[in-house]
Every structure is written in structure tokens, then in C-alpha cells.
Amino acid sequence: MNIIRKWSWLVLVVTVFSLVFMAAGCSSGTSKGVQSGSNALVAASAPLTIQVLDVGQGDAILIRAKDQVVLVDTGDVPARDKLVSMLKSQGITTIDKLLITHPHADHIGGAAAVFQQFTVKQIYDSGLKSTSNLYKQYLTQIQKKSIPFTVVSAGMTIDLGNEILLKVLAPEAPFIGGSEPDLNNNSIVAKLVYRNFSLLLTGDAESEAEERMLKKDASALKSTLLKSGHHGSRTSSSMAFLQAVTPEAAFISVGANNDYHHPHPSTLKKYKEKKIDVYRTDTDGTLTVVSDGKAYTITKER
Ligand SMILES: [Zn+2]
């Protein structure tokens with residue numbers, strides 16, 4: 001083999017390796033697609049489907065993994081019948097895991113109806129108590145039905161099977177607010193991870209909670225998508241927090257013309273500056289995300 005043929009051979013080998021490497025690089029990136037249309041577009045066969053349900057002013061997020069149905073928060077009392085019918089319309093009879101981010105009415109308001117209409121196999125909450133009647137009813141139902149109850153804190157991982165994990169990032173002791181813990185700021189914050197895809201669930205965590213998580217491990221916050229903290233309030237979504245999460249899109253679960261004026265214009269401005277696409281349940285209806293662990297699509301109900 002003369003020197004020219006040797007070089008040609010080397011160039012060919014290098015070119016083939018480069019092409020293979022580039023192809024691998026391209027396919028490992030996260031791609032996205034946004035659609036709008038019917039809420040019925042839930043891909044039953046997809047490995048992971050997430051729905052930010054339109055429950056008005058409140059949070060209720062449905063996660064459907066291959067073998068598990070997980071509900072994060074239950075919306076407020078006025079939306080409880082709507083929540084039940086949304087779940088039933090998908091053929092759901094059992095909720096494998098119910099996670100309550102914190103015991104405010106707009107997160108536990110639908111719990112009694114959920115306990116009544118579905119078999120709930122396991123509850124996760126922060127362990128923080130409220131003096132409200134709604135919270136007392138919630139506890140009474142759990143005791144009456146003997147539902148296993150786990151208090152979660154930062155560092156725990158909830159396994160949803162098939163490589164889908166819920167990594168808990170907050171709260172942790174000592175609770176924010178000391179002897180009178182602030183319920184919002186001690187919300188359960190959990191990162192739903194499926195291979196290269198992730199969604200950060202924040203409950204109503206506000207800037208104090210964001211600061212604590214940033215100090216502890218800012219890199220752990222990085223997520224493909226974000227459920228906006230505290231319904232897009234100006235007390236959440238600090239610039240430093242958004243910088244760490246760097247989501248491609250954010251979901252704001254919020255009621256039309258709500259009394260709290262959520263989301264706040266300053267929060268929307270920050271999202272715009274950071275080029276984060278915003279989806280809102282008041283204008284877009286229920287938002288559905290389907291992912292195969294690499295790519296994802298977001299579908300708006302309207
Ligand atoms: Zn709330």
C-alpha cells in the first residue's frame with residue numbers, strides 16, 4: 001500500500017467515524033413539537049404522559065407511566081367534580097400514588113372526592129399540618145381508608161417504574177419559617193426524570209425555597225420543562241432560579257380572572273426574557289406532554 005492510498009484509507013475511516021458521531025449527537029438532543037387540539041390526544045401507548053389538568057385556580061397534575069397512575073395535587077373544592085370526571089374519562093379507577101405538595105385548599109380541595117371515587121394506594125406529603133377543616137378531613141379519610149402514608153423530604157426518590165423517577169429536591173429540615181413553617185415555601189419540589197427528559201414540579205414554592213435549593217445544588221434543578229411555582233406569582237420564579245432550571249417551556253396552572261391576579265406580569269416578563277415558552281391552563285386548557293425520554297410534544301386543549 002503506497003503512502004497516498006494509506007492516507008485515503010485514513011481519511012475514509014475518520015469521515016465515517018465523524019458521521020456516526022454526528023448522527024449519535026443529533027439523536028440524543030431533546031426535540032419538541034407543539035400541537036393544539038383535542039384533549040383526547042393522550043397517547044395511551046407512550047411511555048410517559050403528563051397532564052397539567054385545567055382545574056381553574058389550583059394545581060392537579062396527572063402523570064401516567066407505563067404501569068402507574070400518579071396524581072400530584074387535587075385542585076380546589078369547586079373543581080373536584082371536574083377533576084373526577086377528567087380522571088374517569090381516561091378509564092382511571094386506581095391512583096397508585098397521590099402526592100400532595102402542601103396542604104392549601106387549592107392543592108388538597110379535591111382530595112376527599114378522589115378518595116371517594118378512586119382507590120388510592122399510597123400518599124406522599126411533606127408532613128406539614130394545616131389547621132383547616134379541609135386538611136382535617138383529608139387526614140380523617142386517609143386514616144379511615146388505611147392508606148399508606150409516606151412523609152417525603154429532599155434526597156428521596158420515588159420510583160414510577162420503567163426508568164421513570166420522581167427525585168425530591170425539597171422540603172428539608174429545618175423547615176423554612178422555623179416554628180411556624182410557611183406552607184408554600186415548604187412545598188414538595190420534585191423533578192420527574194425519564195432518561196433525557198425532565199419536568200420540575202414546584203408546588204407553590206417561592207423565592208426562599210428557590211434560594212435554598214440553589215445554594216444546595218443548582219445543577220440538580222436543570223430541567224427540560226417547568227411547572228411554574230405558585231401559579232406564576234411574582235414571589236416565585238426568581239431570575240437565578242430560572243437560570244438554573246433553564247426550561248424550554250413553563251406551565252402555569254391558573255384560573256381565569258382569579259382573585260390573586262396570577263400570573264404576575266413581572267413573572268411573564270422574566271419568562272419572555274429567558275425565551276421560555278409559556279402555557280397556561282386558563283387560556284390553553286389542559287396541557288398534555290408526551291415523552292419517550294428523549295423528545296416530547298406539548299398539546300393544548302384549546
Ligand atoms: Zn396554590
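**Group meeting: a zinc site, a sheet and two cores**

Let me begin with strand S15 (residues 249–252), which pairs with S16 in the parallel sense over 4 bridges; strands here are DSSP runs (E, at least two residues), helices are DSSP runs too (H or I, at least four), both numbered from the N terminus, and two strands pair if DSSP finds at least two bridges between them. Within this pairing, Ile 252 has Arg 280 in S16 as its bridge partner.

Before going on, I should say that this is a predicted model, in which local features need pLDDT of at least 70 and side-chain atom pairs count only at pLDDT 80 or more, while totals for chains, interfaces and linings use all residues. Residues are numbered from 1 along each chain as its sequence is written, and side-chain values use heavy atoms, with hydrogens and water left out.

The sheet in question is open, with 7 strands in the order S10-S11-S12-S13-S14-S15-S16 and mixed pairing. Its edge strands, each pairing on one side only, are S10 (157–159) and S16 (277–280).

Now to the metal: which residues coordinate the zinc ion? They are Asp 106 (OD), His 107 (NE2), Asp 204 (OD) and His 231 (NE2), at 2.0 to 2.2 Å, where donors are N, O and S atoms within 2.8 Å of the metal (3.2 Å for Na, K and Ca), and because water is not among the atoms, sites may look incomplete. The arrangement is irregular because the 4 donor atoms subtend angles of 87 to 147 degrees; four donors count as tetrahedral if all angles lie between 85 and 135 degrees, four count as square planar and six as octahedral if opposite donors are over 155 degrees apart and all others between 65 and 115, and anything else is irregular. His 107 lies in helix H3 (residues 105–108) and His 231 in the loop between strand S14 (225–227) and helix H7 (239–245), so this pair ties together parts 124 residues apart in sequence. Both His 107 and His 231 are buried, meaning under 20% relative accessible area, with exposed over 50% and partly exposed in between (1.4 Å probe, protein chains only).

Turning to the interior, the largest nonpolar core has 31 residues, and Ile 50, Leu 225 and Phe 251 are among those with the most contacts inside it; such a core is a set of buried Ala, Val, Leu, Ile, Met, Phe, Trp, Tyr and Cys residues joined through side-chain atoms within 4.5 Å. A second, separate core of 27 residues includes Leu 62, Leu 98, Ala 111 and Tyr 135.
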